[in-house]
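Student: I have a model open on my screen, and I would like to understand the labels people attach to it. Could we go through them one by one?

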Amino acid sequence: MKGIILAGGTGSRLYPLTKVTNKHLLPVGKYPMILYLIAKMRQAGIIDIMIISGKEHMGAVVNLLGSGYEYGVNFTFRIQDQPGGIAQALGLCEEFVNDDKCIVMLGDNVFEDNINQYVENFEGQKKGAKILIKQVNDPTRYGVAALKGNKIIGIEEKPKTPKSNYCVTGIYMYDHSVFNVIKTLKPSNRGELEITDVNNWYIKDNSLTYDILNGWWTDAGTFHSLLNANILTQDIDLAHILNREYKKE
């Protein structure tokens, strides 16, 4: 399975912290934010990872990550130079994924669970997609999954009246047909190709499954959630996962 980390965007909600750097390079706990996702992928045995970012800060991203040798993984980098949305960014990865399956993470997701079991569950799935969801207190901030029995029957983006309190986290898994799905999408009202439309396509195809995260999860895209992410990760040490020792000065 291939890994994809979407680390683009302007980070406008975190301005002026993001005036000179990419949001995903901001410190969370002891590490730059993006390293938590790399650690989660490596923990699940995913070592071929594509990083998508904008041209403004790609140099800083590459400077931090290098080839991946230090972390026991292999990085490929791709620039998203058009503000076309999450699905458009994912579409840039078609040649990288090829006929394989992929796991996609939004770069400002920080979470506790080891995803190994979720990945294994999806590997055993013949086709389709899987998303990870989490019960939250403020579902109106997110895409919300409507559940019926053991199925998701629809996903609504930032609804005023949520049909559940299960948000769709920025952790998705797809078979290679996702790229054909993306090619059928039309831009939303904000001019972007929406990942919610991709997931709803798989729902209509009756091939979307889900798992529920057990541990804590947060995005880190606002000042409040970035602070929360720092509190949750303050004692986490990634060195044993990433093959790298972070020495104290």
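Tutor: Gladly, and helix 7 is a good place to begin. Its buried residues pack against helix 3, strand 8, strand 10, strand 11, helix 6 (178-183) and strand 12 (208-212). Keep in mind that this is a predicted model.

Student: Why is helix 7 called largely enclosed by the rest of the structure?

Tutor: Because seven of its ten residues are buried. Those residues are I195, T196, V198, N199, N200, Y202 and I203.

Student: How do you know that V198 is buried?

Tutor: Buried means under 20% relative accessible area. V198, which lies in helix 7, has a relative accessible area of 0%, so it counts as buried.

Student: Which residues is V198 in contact with, leaving aside its neighbours within four places in sequence?

Tutor: They are A87, Y174, V178, V181, I182 and L185. A contact here needs heavy atoms within 4.5 Å. For a C-alpha distance, take V198 and F179: they are 19 residues apart along the chain, and their C-alpha atoms are separated by 9.6 Å.

Student: What makes L35 buried or exposed?

Tutor: The cut-off for buried is under 20%, and L35 has 0% relative accessibility, so L35 counts as buried. You will find L35 in helix 1 (residues 34-43). Its C-alpha atom is separated by 8.5 Å from that of L25, ten residues away along the chain.

Student: Why is N206 called exposed?

Tutor: Exposed means over 50%. N206 has 54% relative accessibility, so it counts as exposed. N206 sits in the loop between helix 7 and strand 12.

Student: What makes the phi of N206 worth pointing out?

Tutor: Most residues other than glycine have a negative phi. In N206, a residue other than glycine, phi is positive, near 60 degrees. N98 is also not a glycine and has a positive phi, of about 55 degrees. Look for N98 in the loop between helix 4 (94-97) and strand 6 (102-106).

Student: Where is there a cis peptide bond, and what is its omega?

Tutor: It joins Y15 and P16, with omega at about 10 degrees. Most peptide bonds are trans. P16 is in the loop between strand 1 (2-6) and strand 2 (27-28).

Student: Now the whole chain. How many helices and strands does the protein have, and why is it called as compact as a globular protein of its length?

Tutor: There are nine helices and 13 strands. The radius of gyration is 17 Å, and the globule rule gives 18 Å for 249 residues; the two are close, so the protein is as compact as a globular protein of that length. Its C-alpha atoms fill a box of roughly 55 × 40 × 35 Å along the principal axes. Of the 249 residues, 55% count as buried. Among contacts between residues at least 6 apart in sequence, 73% join residues at least 24 apart.

Student: What is the volume of the largest pocket, and which residues are closest to its centre?

Tutor: The volume is about 1,400 Å³. Of the 49 lining residues, G9, R13, K23, I86 and L106 are closest to the centre. Strand 11 gives the largest share of the lining, four residues. Helix 7 also supplies at least two residues, as does helix 3 (86-91).

Student: How does the lining of the largest pocket divide by class?

Tutor: It has 14 nonpolar, 22 polar and 13 charged residues. Gly is counted among the polar residues in this scheme.

Student: What about the second largest pocket: how much space lies in it, and which residues lie nearest its centre?

Tutor: About 250 Å³ of space lies there. Its lining has 14 residues, with D138, Y142, W217, T218 and N228 nearest the centre. Strand 8 (129-135), strand 13 and helix 8 (223-233) each give two or more residues to that lining. By class, the lining has four nonpolar, six polar and four charged residues.

Student: Last one: how do you know how confident the predictor is in this model?

Tutor: The pLDDT score, which runs from 0 to 100, gives its confidence in each residue. The average is 92, and 97% of the residues score at least 70. Over residues 245-249 pLDDT stays under 50, and the model has four contacts beyond four places in sequence for that stretch.

Definitions and conventions: Residues numbered from 1 in each chain as written. Predicted model: local features only at pLDDT ≥ 70, side-chain atom pairs only at ≥ 80, totals over all residues. Heavy atoms only, no water. 1 Å grid on protein atoms, 1.4 Å probe; cavity = no way out; pocket = protein on both sides within 12 Å on 5 of 7 lines; lining within 4 Å. Points joined across faces, edges and corners; volume = space filled by probe spheres on them. Rg over C-alpha atoms; globule rule 2.2 N^0.38 Å. Buried < 20%, exposed > 50% of the residue type's maximum accessible area, 1.4 Å probe, protein only.
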